[in-house]
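Hi everyone, thanks for coming. I'd like to walk you through one structure today, so have a look at it first and then we'll go through it together.

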Amino acid sequence: MTVRIGVIGTGAIGRDHARRINHVLGGAKIVALSDVNRASAEAVKADVAPDAAIFETGEALIASPDVDAVLVTSWGATHEQYVLAAIAAGKPCFCEKPLATTADGGKRIVDAEVAHGKRLVQVGFMRRYDAGYVALKKVVDSQIGAPIMVHAAHRNPAVPEQYVTPMAIHDTMIHEIDVLRWLLDDDYVSARVLFPRASARSHAKLRDPQIVILETAKGTIIDVEIFVNCHYGYDIQCQVVGEDGIANLPDPMAIPMRLGARQQSEILTDWKDRFIASYDVELQDFIHAAARGTASGPSSWDGYVAAITSDACVSAQDAEGAAVAINLPARPALYN
């Protein structure tokens, strides 16, 4: 079976996903496109998906009998309405993060999917598909004993002037929020945020760097450094300290060199290069599940929990180092 997929939102990530599906992956084809900027959809049709129909609205695309499954890669504030429409139509839906821009929006999606009675939504938390994280999870699950601490870092070389303090959580650390919860098979119960001396490359509306401290239900303490103007490169680090040993996320492959009287190797500067392979794996997983009329991978529940946790972390940014409770509702049986 070839899954007929419609893409809502044909900006950079929508275009790249359409390219993957039509030219890299198997089992699916892009048959429909929609974007508020019709010229963007026309360009993707011309360059990537020549057989795709263009729809004036995302809702019309979802309702089309020629579309089996939906990719939502539009502006974040529109995600909720399109995911809800896909659930109502009974069509599998891949939604890039965020699932919704508020925790209440995430809950509405969870409630709709539970009422439907079957998983239909996969959220685009691609790090769960990264080979390094997959290998790290195998070691954490089976070799180093119960996790006690996690030390993590998310460093970007630079961010634009419009990037402000809360975005360090909602746009940057959101990936750690999801992947560390998956890595530990644990939920968060509290968050604290500490601010060291501000970097000289920061600005008036951005406190950078910052350190987020999360405590889990099982008592693991996690510290995550978020440094979005580190200058030297794009660098993702993760170390898990267990009862019996320590495990580190491997760095991307780089050629060690002895050059100019120095030992050195290159550090990536673009997040897309760091996780490019994981995008292929996550979308192939979506295609396989969509062919069965369902979804796998990160769920609506995971997206909802990430939103609740993000909101708590942003509150903690204003709490002078005090802990902010993270209160999760009971997990519906659909997501067990």
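Let's begin with a cysteine: cysteine 95 has a relative accessibility of 0%, so it counts as buried. Please keep in mind throughout that this is a predicted model. How far is the sulfur of cysteine 95 from the closest cysteine sulfur? The distance is 5.7 Å, to cysteine 93, and that is too far for a bond. Cysteine 230 is buried as well, with a relative accessible area of 9%. Its closest cysteine sulfur belongs to cysteine 238, 17 Å away, so again too far for a bond. In fact, searching the whole structure turns up 0 disulfides.

Now let's step back to the whole chain. You're looking at 10 helices and 15 strands. For 336 residues, a compact globule would have a radius of gyration near 20 Å, and the chain agrees, with 20 Å. Along the principal axes, the C-alpha atoms fill a box of roughly 55 × 55 × 45 Å. Of the 336 residues, 52% count as buried. I also like this number: if you take contacts between residues at least 6 apart in sequence, 73% of them join residues at least 24 apart. As for the surface, the chain exposes about 15100 Å², and carbon and sulfur atoms supply 54% of that.

Next, my favourite helix, H5, residues 103-116. Its 14 residues at 1.5 Å each should span 20 Å, and the end C-alpha atoms are indeed 20 Å apart, which agrees. Which residues of H5 are buried? They are Ala103, Gly105, Gly106, Ile109, Val110 and Glu113. These cover an arc of only 160 degrees around the axis, which puts them on the same side of H5. And what do the buried residues of H5 pack against? Their partners are helix H4 (79-89), strand S6 (121-123) and helix H10 (300-317). Turn to the face of H5 that points away from its buried side and you find the exposed residues Asp104 and Ala115. Just after the helix, glycine 117 takes a positive phi of about 95 degrees.

Upstream of H5 there's something worth pausing on. Proline 98 sits in the loop between strand S5 (93-95) and H5, and lysine 97 is joined to proline 98 by a cis peptide bond, with omega about 0 degrees. Lysine 97 also comes up in another setting, since Lys97, Met126 and Arg127 are touched by histidine 175, leaving aside residues up to four places away in sequence. That histidine belongs to helix H7 (residues 167-184), and its 11% relative accessibility makes histidine 175 buried.

There's another cis bond to show you, between aspartate 208 and proline 209, again with omega about 0 degrees. Proline 209 is in the loop between strand S8 (188-194) and strand S9 (210-216).

Why do I point these out? Most peptide bonds are trans, and most residues other than glycine have a negative phi.

That brings me to the last pair. Histidine 231, in the loop between strand S10 (221-227) and strand S11 (235-242), has a positive phi near 80 degrees. With 52% relative accessibility, histidine 231 counts as exposed. Glutamate 320, in the loop between H10 and strand S15 (324-325), has a positive phi of about 55 degrees. At 79% relative accessibility, glutamate 320 is exposed too.

That's my tour, and I'm happy to take questions.

Notes
Residues are numbered from 1 along each chain as its sequence is written. This is a predicted model: local features need pLDDT of at least 70, side-chain atom pairs count only at pLDDT 80 or more; totals for chains, interfaces and linings use all residues. Side-chain values use heavy atoms; hydrogens and water are left out. Helices (H or I, at least four residues) and strands (E, at least two) are DSSP runs, numbered from the N terminus. The expected span of a helix is 1.5 Å times one less than its number of residues. Buried means under 20% relative accessible area, exposed over 50%, partly exposed in between (1.4 Å probe, protein chains only). The arc is that of the directions from the helix axis to the C-beta atoms. Contact means heavy atoms within 4.5 Å. A disulfide is a pair of cysteine sulfur atoms within 2.5 Å. The radius of gyration is taken over C-alpha atoms; the globule rule is 2.2 Å times the number of residues to the power 0.38. Accessible areas come from the Shrake-Rupley method with a 1.4 Å probe; for residues, only the protein chains shown count as cover.
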